[in-house]
Amino acid sequence: MKSIKLFLLFVCLFTVQVKAQTPVVQMMEGEIRAGLTTPIGGFHTGKAEVGGDIGLEGRYNFEGTPWDCGLMLEVSSARRGFNHLFNNGNDHWQSNRTVALAAISEYNLRQGTKINPFVGAALGVASNDVVGDEYFPSEGTTIFFAPRIGVEFLHHIRLMAQLNISRAGHNNFSFTIGFVLGGRPKK
């Protein structure tokens, strides 16, 4: 019982300290981003190739805390080459596309500063299908989970690495650059 009281006291003191040290930033921010992906895991002996990722986000910054939350819409691909199966000199590849709608939350380590590292995750729903050549059909609706880490520079530029997990053959790692409007320190 004594350890529970000490833990609750620690949590309360930490919360007060975080609130006192976090600069006040604008309540809302939006982001548009694009980048590259690489498939994670195997899929019918396909060779990993570089794919694409684009996304939109809207985030709400909780006043006086380093936390934000919001919604994300993202399209990413897990592209694989299958030239080794055909040996006819043509370019054979399949792009497994994931369209995700997810809730996001992030913890900003230096919110309101010119260099702000962050960690977070997205959780939602994904629609999976194949774009272009379809050698191995793969489609459906799945749960989407995406842990992420990144850094925001000068309140407007975000570099982010994200692991997009939804369905075998569609899972990928993305590295994106984004442009942010809003979320700057209040004057």
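**Note on the predicted model: strands, buried charges and a nonpolar patch**

1. The protein contains two helices and nine strands, and this description, like everything below, rests on a predicted model. Read from the N terminus, the order of the elements is α-β-β-β-β-α-β-β-β-β-β, so that the second helix stands between strand 4 and strand 5.

2. A few totals help to set the scene for a reader who is new to the structure. Of the 187 residues in the protein, 39% are buried. Among contacts with a separation of 6 or more, 61% are made by residues that are 24 or more positions apart. The protein exposes about 10,200 Å², and carbon and sulfur atoms supply 70% of that area.

3. Charged residues deserve a careful look, and a general remark is useful before the details. Side chains of opposite charge can pair when their charged atoms come close. In the whole structure, a search finds 13 salt bridges. A network of salt bridges links E29, E31, R33, E57, R59, E74, E106, R148, E152 and R158, and the next two points take up some of the pairs within this group.

4. One salt bridge joins E57 to R33, with 2.7 Å between the closest N and O atoms. This pair links distant parts of the chain, since E57 belongs to strand 3 (residues 51-61) and R33 to strand 1 (residues 28-39), with their positions 24 residues apart in sequence. Are these two partners buried or exposed? E57 has a relative accessible area of 6%, and because buried means under 20%, E57 counts as buried; R33, at 2% relative accessibility, is buried for the same reason.

5. E106 takes part in two salt bridges, one with R59 and one with R148. In the pair with R59, the closest N and O atoms are 3.9 Å apart, and the connection runs between strand 5 (residues 93-108), which holds E106, and strand 3, which holds R59, over 47 residues of sequence. In the pair with R148, the N to O distance is 2.7 Å; because E106 lies in strand 5 and R148 in strand 7 (residues 140-153), this salt bridge ties together parts that are 42 residues apart in sequence. E106 and R59 are both buried, and R148 is buried as well.

6. R80, which is placed in strand 4 (residues 67-81), is another buried arginine, with a relative accessibility of 2%. What does the side chain of R80 reach at 2.9 Å? The side chain reaches the backbone oxygen of G169 at that distance, and a polar atom of the R80 side chain also lies 2.9 Å from the backbone oxygen of G41. The C-alpha atom of R80 is separated by 8.7 Å from that of G51, a residue 29 positions away along the chain.

7. The surface offers a contrasting view, for I32, L56, L73, V99, L101, V125, I157, I177, F179 and L181 form a nonpolar patch there, with about 860 Å² of accessible area together. Strand 5 and strand 9 (172-182) are the elements that give two or more residues to this patch, and strand 9 provides the largest share, namely three residues. One patch member, I177, lies in strand 9 and has 48% relative accessibility; because exposed means over 50% and buried means under 20%, I177 counts as partly exposed.

Conventions. Residues numbered from 1 in each chain as written. Predicted model: local features only at pLDDT ≥ 70, side-chain atom pairs only at ≥ 80, totals over all residues. Heavy atoms only, no water. Helix = DSSP H or I, 4+ residues; strand = E, 2+ residues; numbered from the N terminus. Buried < 20%, exposed > 50% of the residue type's maximum accessible area, 1.4 Å probe, protein only. Polar contact = N/O pair within 3.5 Å; in protein donor to acceptor, adjacent residues only side chain to side chain. Salt bridge = Lys/Arg side-chain N within 4 Å of Asp/Glu carboxyl O. Patch = residues over 30% accessible without salt bridge, like charges linked within 9 Å, V, L, I, M, F, W, Y side chains within 5 Å. Areas by Shrake-Rupley, 256 points an atom, 1.4 Å probe, with all protein chains shown as cover. Contact = heavy atoms within 4.5 Å.
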